[in-house]
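Hi there,

Here is the structure I promised to pass on to you. Have a look at it first, and then read my notes below with the 3D view open.

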Amino acid sequence: MVGWDKGGSMLIKRKRGWEMPEREATPEALFLNRRNLLKGAVAGGLVAAGGLGALGLGAFGGGKAMSAALAADTSDPSASLYPAKQNPAFTLDRPVTAEKLATGYNNFYEFGTDKDIVDASHALKIRPWTVKIDGLVEQEQTLAIDDLFRQVQFEERLYRHRCVEAWSMAVPWTGFPLKALVDLAKPTSGAKYLRMETFKDSSVAPGQRQFWYPWPYVEGLTMAEATNELAFLVTGIYGKPLPTQNGAPLRLAIPWKYGFKSVKSIVRFSFTAEPPKTMWQSLQPEEYGFWANVNPDVPHPRWSQATERFLGQPGRRPTLLFNGYAEQVADLYKGLEGEKLYM
Ligand SMILES: Nc1nc2c(c(=O)[nH]1)N[C@H]1C(S)=C(S)[C@@H](COP(=O)(O)O)O[C@H]1N2
Ligand SMILES: [Mo]
């Protein structure tokens, strides 16, 4: 057991991430066992006898009641889509970060500027939730989030996640390729960029009452980046629906770029001809650019990017060019050498 220190206080006492076998990244084995147990119990008539009392389901006797009980396990209507199959093409050179860390140490400025925003983020209502697709598309669409989820195929991917603040994690995300949304949107030939926007509601997000931030949070990608196979729309984490602090019900994961590009709680995708103005660019253009590709050799104006603190582990590890994804993405930047690709 180790403590992990946040601003001097002991936050978490648990097994370190790298002491866990990777398979434990999702509780899939557990989930499947439980589901089979339930099926078997229903068939065998054990349930009515209260044999499943330990699971809190003892009162239900039939198959129908049983699915109701399963659905009642959580209020998230997408819960039955988890866990999704892991895509073996996306593996890691490091252990998966402990769930408590990845879901307890967050950047989500809408709910506060420190890392401890879990409770505040619970004010965000994630149903009903709609996503608007507009701009240079064949036809504008507004989709209920669960209708969108029904049109795509979920998978799990293990990704490195590198914040510009020089800390990192390794996260088992569930979701679907951003390209699937682009295909669904049918952009016209004039579309060169994809702009993504977070919800705006200062009645639930106290950070949005800080008027000096140009809310809503906006991020953007080129179409080539958005349709790269690594660009991922995230709906879940550790084999479960995403909690609000990680950007429920839909956020981006762009693993070769600094974390601030991975916009949370998205409500709008707009296809544009011009590069969208991002929130961080508007705030601090000298520090946070449009490209923000991870590069150990290009320091932030106020700190080095050569190494990173991998949460849960002592010491630091070397930062990797494109966060270790150069093979998949370096080609995207051929001919753009004159641009500030790494800030
Ligand atoms: N809407 C919104 N999206 C956001 C942020 C934010 O403050 N607001 N922070 C970004 C930053 S700086 C990082 S590092 C990641 C953090 O994601 P995590 O909390 O799931 O690790 O979210 C990114 N997306
Ligand atoms: Mo970040």
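Let me start with the charged pairs. Searching the whole structure turns up 18 salt bridges. Please keep in mind that this is a predicted model.

One salt bridge worth finding on your screen joins D134 and R268, whose closest N and O atoms are 2.9 Å apart. These two partners come from distant parts of the chain, 134 residues apart. You will find D134 in strand β3, which covers residues 130-135, and R268 in strand β12, which covers residues 266-272.

Now to the ligand. Ligand 1 sits in the second largest pocket. There are 18 residues around ligand 1, and those that come nearest are Y109, E110, H161, S262 and K264. By type, the shell around ligand 1 consists of 8 nonpolar, 7 polar and 3 charged residues.

Some polar atoms are worth picking out one by one:

- E110 places a polar side-chain atom 2.8 Å from a nitrogen atom of ligand 1.
- N107 comes in with its backbone instead: one of its backbone N or O atoms is 3.3 Å from a nitrogen atom of the ligand.
- N246 has a side-chain N or O atom that lies 2.9 Å from an oxygen atom of ligand 1.

How much of the accessible area of ligand 1 does the protein cover? On its own, ligand 1 has 530 Å² of accessible area, and the protein covers 98% of that.

Try showing E110, N107 and N246 together with the ligand, and then jump over to D134 and R268. Happy exploring!

Best wishes

Notes
Residues numbered from 1 in each chain as written. Chains lettered and ligands numbered in written order. Predicted model: local features only at pLDDT ≥ 70, side-chain atom pairs only at ≥ 80, totals over all residues. Heavy atoms only, no water. Near = heavy atom within 4 Å. Polar contact = N/O pair within 3.5 Å; in protein donor to acceptor, adjacent residues only side chain to side chain. Areas by Shrake-Rupley, 256 points an atom, 1.4 Å probe, with all protein chains shown as cover. 1 Å grid on protein atoms, 1.4 Å probe; cavity = no way out; pocket = protein on both sides within 12 Å on 5 of 7 lines; lining within 4 Å. Sits in = over half its atoms within 2 Å of the grid points. Nonpolar A, V, L, I, M, F, W, Y, C, P; charged D, E, K, R; others polar. Salt bridge = Lys/Arg side-chain N within 4 Å of Asp/Glu carboxyl O. Helix = DSSP H or I, 4+ residues; strand = E, 2+ residues; numbered from the N terminus.
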